[in-house]
Amino acid sequence: MRNAGSGSIAYNSRPSLLHRSLREKPLLARSASGHKIILEDGSEILDACGGAAVAIIGHGNQEVISAIAEQAQSISYVHTGTYTTSAAEQLADLLVGHKPYGLSKAFFVGSGSEAVDGAMKLARQYFYERGEVQRKHFISRRQGYHGNTFGSMSISSNLSRLEPYRDILLPYVSHVSPCYQYQYQTSDETTDGYVARLAMELDAEFQRVGSDSVIAFVAETVVGATSGCVPPVPGYLAAMQAVCKKHGALLVLDEIMCGMGRTGTLFAWEQEKNAAGEPVVPDIMTIGKGLGGGYVPISGLLIHEKVVTVLEEGSGSFNHGHTFQAHPISCAAALAVQKVVQRQKLVEHCARMGNVLGGYLWEYLGNEDYVGDIRGRGLFYAVEFVQDKIEKKSFDPKVQFGLVVQKQAHKLGVAIYPGMGTVDGSKGDHILIAPPFTVQEKEIREIVLAVTKAYRIAVALVRGAL
């Protein structure tokens, strides 16, 4: 693999496009194919994070590209106030036509943030139509992330992104502790004890804000980039659902990043069981990144028939909409992606390769001085870095250890996803690895070896600066 270097930039020194940073110019990607991104200077980057856990079948899949072209030639756009398309109907049928676990309707939008906003509005309308208009409060978790619009940002807890807008966010929101075993379960707690404590905290928050005023508890099934692939401990989601049912609130699970097969099952919550051994089924869930695999912008809601029935028997409509919802080209692309996933049994392959990825990460990095935790499910893994493994003490945020590892890995030709503020929004570092579901063991080993080398370079650099 060729060294990525810095890449040459063909656009102006002051580009017209507003990039994420006004100080650092992004590299110019010339093309992408399979698992590789090719830069302007010809350097190849192995995409070990799928962009942001998005590119589940890799880049340049001709079946998907053909589906996009065919749909564009047939119907490129219609307004859903009057029309529907076979692409949108078929995609919904593929996901919920068989009513998995009681999920019976799908609603498609352009981004994860839109999907979360839609879930919030749908949950509110559910209670509005039941006559419970006093319900206006959402409870979510610290160290969780749900999006960048004002609604989704209000229930998020990514502190750096919140800061400029904190005093104008939605008022009826509060946060409870994350389920983050590595950092927050005490040394004298059992897992059951930890779950019980978190359930008591949620119950107390319901009572503090008013038991009958809460619309929903919102959580990522497996936390994504904010704290790095943090899975719930056994029994946690069942306990949270029980608290919601006690107080008559809804359970909304955000699987924008961790869903659609990323953790080794189609829905990440399928791995979470209650005392009867049944999956913890949400009332509303959001899906996104892996739905369209990066070929188009598309996300969505999957809605339990419990919620749908109330609207059907009430107003008969969802009082919400977007100009580009259920966009034909987006739905056609997502349908093609999901057909590839099903035909090639890629969710099952993801589960198998996830075991390989976890095994290699522990083998190569598990005993390193600054590696505190390695966690994840399926092809959704993170490595958390700490300065002191005994005390689980994070590096000074100024060190930016995770970002240093990410940059060194990129120089070695492997793209991974960095995270900062892992522990509390200010301190903590991790990297996230989420390659396409089509990845093979040889590539996984190549990824982990590059990450290990990048980590050791970062250690030398940081030790020299400490």
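## Strand β10 and its neighbours

Strand β4 (residues 103-109) is joined to β10 by 6 bridges, and the two run antiparallel. Within this pairing, valine 109 stands opposite serine 299 of β10. Before going further, please keep in mind that this is a predicted model. Strand β10 also pairs with β9, again in the antiparallel sense, over 4 bridges. There, methionine 285 sits opposite leucine 302 in β10.

How many of the 6 residues of β10 are buried? The count is 6 of the 6 across residues 299-304, so β10 is largely enclosed by the rest of the structure. In a regular strand, side chains alternate between the two faces of the sheet. Both faces of β10 are covered here: Ser299, Leu301 and Ile303 are buried on one side, and Gly300, Leu302 and His304 are buried on the other.

## A four-stranded open sheet

Elsewhere you can follow an open sheet of 4 strands, ordered β1-β2-β3-β13, in which the pairing is mixed. Its edge strands are β1 (29-33) and β13 (414-415), each of which pairs on one side only.

Inside this sheet, β2 (residues 36-39) and β3 (residues 44-47) run antiparallel and are joined by 3 bridges. A handy place to look is lysine 36, which stands opposite leucine 46 in β3.

## Helix α15

Helix α15 covers residues 441-465, and its length makes a neat check. At 1.5 Å a residue, its 25 residues should span 36 Å, and the end C-alpha atoms are indeed 36 Å apart, so the two values agree.

Which residues of α15 are buried? They are Glu443, Ile444, Ile447, Val448, Ala450, Val451, Thr452, Ala454, Tyr455, Ala458, Val459 and Val462. When reading that list, it helps to recall that an α-helix has 3.6 residues a turn, so residues three or four places apart point the same way.

## Salt bridges

Side chains of opposite charge can pair when their charged atoms come close. The count for this model comes to 16 salt bridges. One of them is between aspartate 203 and lysine 246, with their closest N and O atoms 3.0 Å apart. This pair links distant parts of the chain, 43 residues apart: aspartate 203 belongs to helix α8 (residues 191-209) and lysine 246 to helix α9 (residues 236-247). Are the two partners buried or exposed? Aspartate 203 is buried, at 13% relative accessible area, whereas lysine 246 is exposed, at 58%.

Another salt bridge brings together the side chains of lysine 306 and aspartate 283, at 3.2 Å from N to O. Lysine 306 lies in helix α11 (residues 305-313) and aspartate 283 in the loop between β8 (250-255) and β9 (284-287), so the pair ties together parts that are 23 residues apart in sequence. Lysine 306 is partly exposed, with 35% relative accessibility, and aspartate 283 is buried, with 10%. There is also a network: salt bridges that share partners join Arg130, Glu132 and Arg135. Within that group, glutamate 132 and arginine 130 meet at 2.8 Å, N to O. Glutamate 132 counts as buried at 17% relative accessibility, while arginine 130 is partly exposed at 44%.

## Cysteines without disulfides

A disulfide is a covalent bond between the sulfur atoms of two cysteines. How many disulfides does the structure hold? The number is 0. For cysteine 258, the nearest cysteine sulfur belongs to cysteine 229 and is 9.2 Å away, whereas a disulfide needs the pair within 2.5 Å. Cysteine 258 is buried, at 1% relative accessibility.

Cysteine 350 is likewise in no disulfide, and its nearest cysteine sulfur, also that of cysteine 229, is 11 Å away. Cysteine 350 counts as buried too, with 0% relative accessibility.

## A nonpolar patch on the surface

To finish at the surface, have a look at Phe150, Tyr165 and Ile168, which make a nonpolar patch of about 300 Å². Isoleucine 168 is found in the loop between α6 (159-162) and β6 (173-176). With a relative accessible area of 53%, isoleucine 168 is exposed, because the cut-off for that class is over 50%.

Terms used
Residues numbered from 1 in each chain as written. Predicted model: local features only at pLDDT ≥ 70, side-chain atom pairs only at ≥ 80, totals over all residues. Heavy atoms only, no water. Patch = residues over 30% accessible without salt bridge, like charges linked within 9 Å, V, L, I, M, F, W, Y side chains within 5 Å. Areas by Shrake-Rupley, 256 points an atom, 1.4 Å probe, with all protein chains shown as cover. Salt bridge = Lys/Arg side-chain N within 4 Å of Asp/Glu carboxyl O. Buried < 20%, exposed > 50% of the residue type's maximum accessible area, 1.4 Å probe, protein only. Pairing = 2+ DSSP bridges. Expected span 1.5 Å × (residues − 1).
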